[in-house]
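Reader: Hello! Could you take me through one part of this model in some detail, and tell me how it sits in the whole?

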Amino acid sequence: MARGMGAAQDLDFSRMSFEFLAGLIGHIAHPLFVKDREFRFVLVNLALCEMIGRERHEVLGKTDFDLFAPEQAAFFRSKDVEMFATGATVTIEEEPITDASGSAHVLRTTKVPFRGEAGEVTHLVGIISDITEVKKLEGLLRSANEDLERRVAERTQELVGAQEALVRSERLAALGELAGGLAHQLRNPLGVIQNAVGLLRRANLVGLGREALDIIAEEVGRAEHIIHGLLDFVRVIAPSRRNVSLLTMVQEVIGQQVCMPGIDVHIDVPEAIEACVDPIQVQTAMSNVVRNALEAMPSGGTLTIKGAESCDGIELWIEDTGIGVSSVAEKQLFSPLRTTKPLGVGLGLSTARNLIAAQGGHLDYVPGSERGARFRITLPIARSACA
Ligand SMILES: Nc1ncnc2c1ncn2[C@@H]1O[C@H](COP(=O)(O)OP(=O)(O)O)[C@@H](O)[C@H]1O
Ligand SMILES: [Mg+2]
């Protein structure tokens, strides 16, 4: 080690021949050149000649204007002038070039002053590094980083969404329990009021008394309807399944609706289709969707109910030609307590979706119909072991 170091210290550059130093420089892997104060190349190495696709004798004694396009030569010259004027190192951080073989490179060139014995700058030494690969890696790193940031942002968004959904569902569960309890409690006093209305009717009231009685009866009916909806929403009990005819369920639901003038009902459900479901729960769900469809056509229209069977299950399409659903309202269709109706409660669709989900099916709004709204219910097909 000590001998090695000693040997290195013994190197005497002043005794080295010009040929030896020129050979050493000539074989340095980085392109290297020396220019005099007239901007002429006085020394170039092999790597530089290969890069610009010229022989050494073609370069020596020439200036940039003899070798490169005028615009590029002028740029090089401005940097050379700057270095000679300031006597300080000038660096061109990034410079795209196309080499002699036509490949694109990015170069970093450093121009260093070389001083004579009196300290004056006699030459300019240029050392070029090919940073093409570094730039490529930087680009890859940047896009990998951007990709990572985008994925982190997406994941964060998902987590925030999941957290909000959790809070909402917890709140809803608590609210549901409270509402269910309240609904039960309210049923008794409402029943008492209804009995009292019955008694008063027997008194054959007339005029204002009769009118007030009718109002009370109507409002009690409405309160019962709300309580009914709340209880349906709160208690989705385990379904009691059996194989039932889809057409029969649809016909019963339509039969229960209050007849509305100006509404055509088309039922296109093959008789043979049977589902493995709890018919009461499915009918409650269908009835909520059908009632909405009828309410959406106050001045008449067509209600179409179509059924079809595929290997995935049963599909039931309920379509109306009513007022339709705006894209804003669409996002909240199935959110509980969202209603656009003055006397609405906003529990019909969310209850229907819960009931259909309890059968292992789905209830969705399917946008895209020309007029009105379209909903799809999917249900499991009848099977030998349906329970
Ligand atoms: N067939 C339909 N056409 C247009 N809007 C509909 C339809 N079905 C549901 N909606 C919209 O969805 C909302 C929620 O429906 P729902 O949960 O049944 O509650 P409600 O009927 O008490 O308003 C309705 O207020 C209405 O704005
Ligand atoms: Mg409704």
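Author: Happily; here is a walk from the overall shape to one pair of helices and then to the ligand.

Please keep in mind that this is a predicted model. The protein has twelve helices and twelve strands. Its radius of gyration is 44 Å, well over the 21 Å that the globule rule gives for 387 residues, so the protein is more spread out than a compact globule. You can see this in the C-alpha trace too, which spans about 135 × 50 × 45 Å along its principal axes.

Now for the close look. Helix α9 covers residues 246-256 and helix α10 covers residues 279-295; their axes come within 9 Å and cross at roughly 50 degrees. Since angles of 35 to 65 degrees fall in the oblique class, that crossing makes α9 oblique to α10. The handedness of this crossing is right-handed. On the α9 side, the contact is made by Met249, Val250, Glu252, Val253, Ile254 and Gln256. Facing them from α10 are Pro279, Val282, Gln283, Met286, Ser287 and Val290. By character, the residues of this contact divide into eight nonpolar, three polar and one charged.

Helix α10 also leads us to the ligand. Ligand 1 is surrounded by 23 residues, and the closest are Asn292, Ala296, Thr339, Gly344 and Gly348. Two elements give two or more residues to this shell: α10, which we have just met, and α12 (348-358). The make-up of the shell is ten nonpolar, ten polar and three charged residues. So much for the tour: α10 takes part in the contact with α9 and also in the shell around ligand 1.

How values were computed
Residues are numbered from 1 along each chain as its sequence is written. Chains are lettered from A and ligands numbered from 1 in the order in which they are written. This is a predicted model: local features need pLDDT of at least 70, side-chain atom pairs count only at pLDDT 80 or more; totals for chains, interfaces and linings use all residues. Axes are lines fitted to C-alpha atoms, for helices over the stretch in contact, and angles run from 0 to 180 degrees between N-to-C directions. Helices (H or I, at least four residues) and strands (E, at least two) are DSSP runs, numbered from the N terminus. Angles under 35 degrees count as roughly parallel, over 145 as roughly antiparallel, 65 to 115 as roughly perpendicular and the rest as oblique. A crossing is left-handed if the near helix is turned anticlockwise from the far one by less than a right angle, and right-handed if clockwise. Two residues are in contact if their C-beta atoms, placed from the backbone, lie within 7 Å. Ala, Val, Leu, Ile, Met, Phe, Trp, Tyr, Cys and Pro count as nonpolar, Asp, Glu, Lys and Arg as charged, and the others, Gly among them, as polar. A residue is near a molecule or strand if its C-beta atom, placed from the backbone, lies within 6 Å of it. The radius of gyration is taken over C-alpha atoms; the globule rule is 2.2 Å times the number of residues to the power 0.38.
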